[in-house]
Amino acid sequence: MEGGYSSRANTGGQLSATPSPASHPTVLGVAIPTPLRRLFDYCPGQDVPPGGWRPGLRVRVPFGRREVVGIIVECRTHSEISLADLKPISACIDNSPLPDDWLWLCRFTARYYQHALGDTLHQSLPVLLRQGRPLEARTRERWRLTERGQAIPGEQLGRARRQAELLEQLRLHPRGLATGAITSQGFSRVQLEGLAEKGLIEAEQETLIESPVADYRSLLAEPALSLNREQATALATLHEGLDRYHPCLLQGVTGSGKTEVYLQLIEAVISRGRQALVLVPEIGLTPQTLMRFRKRFRVPVVALHSGISDGERLDAWLAAASSRAPIVIGTRSAIFTPLAKPGVIIVDEEHDGSYKQQDGLRYHARDLAIIRARHHDIPVLLGSATPSLESLAQAQAGRYRHLHLTRRASHHPPARLELIDLRGRPRQGGLIAPAIDAIRQTLTAGHQVLVFINRRGFAPALACHECGWLAECDHCDARLTLHRQPPQLTCHHCERQRPLPDACPECGSADLRPLGAGTERAEETLAALFPDTPVHRIDRDSTRRKDAFENTLAEVRRGEPCLLVGTQMLAKGHHLPHVTLVVVINADAGLYASDFRALEHSSQLLIQVAGRAGRAEHPGRVLVQTLHSDDPHLRLLAEHGYDALARQLLEERRAAGLPPFRFLALARFESPREIDAMTLADAAASALRDQLASSSGQVQCLGPVPAPMERRQNRYHVQLMLSSALRSKLHEASAWLAAWLESNREARRVRWSLDIDPQTLS
């Protein structure tokens, strides 16, 4: 096969340190970006890199009819295939290996999540490094005056007027100006070179992200805020564990000052010459977090998320790997950022579902943060107002320190949820009269209102009033969502779009009516009810343009009365000091879903969105419209808060044998033909049960069954669940199943995947 490979399923998942290079390796085990769970064996090329062949070096290798970039993982003196059949390495890209901590984390991730090591390494690298870009920081020219240039005034340049102007411009900047800053002012390269030839200016190369100053006495650009007693106690506890693995769960009500605790903890870490990695759940939170951190610290603060360019990502990655960036802030994928001097990892909003990658390499960034902190022997801090049940269970068992912040900076207690019964009441755009009256009173008082509805579009369904026909997706078992901007029907699962029909395709009636309300319908209704008040809609559709989200929030933060209509994009960590009323249009959408985590996630979302109210000098109020105001779980949440509900949910999970008291793995099968997906899933289940027959029931195999949404994107989805009280036994069974599927001929006609610790069963 391409390059020659060892048939053993080496996923690179050993938990030992990176293997030492053999003194004279004759075989190099290379990880290549393919879904195959094995290394490919090559013989060394003629050009030996400085320091010899070592794990972590990127190489170019022949693979079939093409050449690809791979990474050396093992250096050996033997192979399971004939050495004469091995192809040589075409070229070594690097003079030094990729960072050890990054390679270790990727090897662990591939093993734990049962994923191919080659693809894991590939996905964890910046795009430019995947393509073979040299492992060196980008530089730029900075121009400054020479001693001669400082002594000569611009008038002495005679007729070279533009050169004289450029000389005087540089005189205003003793540290010099980058080439881009100079050309943006209308000066040319010719003028720069003319002054350089006269010995008046000179250029030096500098990295785009400079190293921080060594004097940590000037670390802060602005003074830290004073802490209340709870914050000070939490920070003191965190300081006790700065030199060891010290997992802490910081549970603080919304607006209680968790970020200030993060900042002062990071100050202590950086003052010791170490680095901090901060994870945030959404790109939308990154700009405001970056701004706050950059205002506080004088050291470089870099960002890593999908909204930056490939070049910017490479710069930030290399700056972190070389310790030029003491603070790294990023979304889920930033967990794979190498750190030269790791000091602390902080996971903000640790409960958030966006930390779990839902396709490809299905890792959980929060869980990898815990593993990475333990590997580096550093503290890790998980922060949330509504912690996940997994983290709460760890805190209850004493594995995490549990720190509490119960006081808000505004000194107002968090607003309680007021349940409003929707049954039998007429609605306008999803809103009933008591909610509309409360909105009117709040606007009259000069405050702002947030109307929360977690549905995009105008309405979640379009129906015929005569025969009951519903507009459904041709490719999914789902209804099409009605949009008005632009007018069309859209499937939110496969993004298929259809024009609005003029009449019902079943009976020909023109009486087609929208059912339910989405953000567009709520926006339209509120604009009609309050024509003199600005209405800002914030959802994925309205914020597609670059900076649209930030521009809208900036306008809202000016403080003038307005209405915000938004999805969960608004519920996560945004400081909206002038919002005093939150109205939840429908709290029932996630309460009765088929997934056992639905109630946990829905209650977290309700508390998070409620936390947007009353964050400044005025108290807040939260109205929750529901068809099930007598639901015991919802009443417990409204009357006693998230902690009480979480305790009850944990007891229910314990009794039912569900996470966090058991561990799950989900095998997913999908095919254009339903029979193919189900046949393979049946065969896999039968083979696995035979394999588990001697394990005394330590691993349960449940299914196969159709997925909750069986047909998506014209493919049929079937699931097989593995469950065990022992994580090690679950992984043994998962690894066996992955190997069985990889070697099965029928599996080549069906797309399959393994999801370890799934966060959703859909």
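## Helix α8: checking its length

Let's start with a small calculation on helix α8, which covers residues 229–240 of this predicted model. With 12 residues at 1.5 Å a residue, α8 should span 16 Å, and its end C-alpha atoms are 17 Å apart, which agrees. At the start of this helix there is a neat detail to look for: a side-chain oxygen of N228 comes to within 3.1 Å of the backbone nitrogen of E230.

## The two faces of α8

Which residues of α8 are buried? They are Q231, A234, L235, T237 and L238. Viewed down the axis of α8, the buried residues fall within an arc of 160°, so they line one face of the helix. A general rule helps here: an α-helix has 3.6 residues a turn, so residues three or four places apart point the same way.

What do the buried residues of α8 pack against? Their partners are the strand β9 (246–252), the helix α9 (258–271), and the strands β14 (379–384) and β15 (401–405). Now turn to the face of α8 that points away from its buried side: there you will find the exposed residues R229 and E240.

## A small sheet with a hairpin

Next, find the open sheet of three strands, whose order is β19-β20-β21 and whose pairing is antiparallel. β19 and β21 (497–498) stand at the edges with a single partner strand each, so one side of each is left without a neighbour in the sheet.

Take a look at how β19 and β20 fit together. Strand β19 (residues 481–484) and strand β20 (residues 487–490) run antiparallel and are joined by four bridges. Two residues lie between β19 and β20, and the two strands form a hairpin. You can trace the pairing residue by residue: T481 has T490 of β20 as its bridge partner, while H483 is partnered by Q488, also in β20.

## A738, a buried residue in α21

Where is A738? This residue sits in helix α21 (residues 727–743). Its relative accessibility is 1%, so A738 counts as buried.

Leaving aside residues up to four places away in sequence, A738 touches R37, W752 and L754. It is also worth comparing sequence with space for A738 and S753: they are 15 residues apart in sequence, and their C-alpha atoms are 8.5 Å apart.

## Backbone features to look for

Two cis peptide bonds are worth finding on your tour. One joins P659 and P660, with omega of about 10°, and P660 is in the loop between α19 (642–656) and β27 (663–671). Another joins G703 and P704, also with omega of about 10°; here P704 lies in a strand, β28 (residues 699–712).

Now for phi angles. D377 is not a glycine, yet its phi is positive, at about 60°. You will find D377 in the loop between α12 (365–376) and β14. Is D377 buried or partly exposed? With a relative accessible area of 40%, D377 is partly exposed. Q713, another residue other than glycine, has a positive phi near 55°, and Q713 is in the loop between β28 and β29 (715–724).

Key:
Residues numbered from 1 in each chain as written. Predicted model: local features only at pLDDT ≥ 70, side-chain atom pairs only at ≥ 80, totals over all residues. Heavy atoms only, no water. Expected span 1.5 Å × (residues − 1). Buried < 20%, exposed > 50% of the residue type's maximum accessible area, 1.4 Å probe, protein only. Arc of directions from axis to C-beta. Contact = heavy atoms within 4.5 Å. Polar contact = N/O pair within 3.5 Å; in protein donor to acceptor, adjacent residues only side chain to side chain. Pairing = 2+ DSSP bridges.
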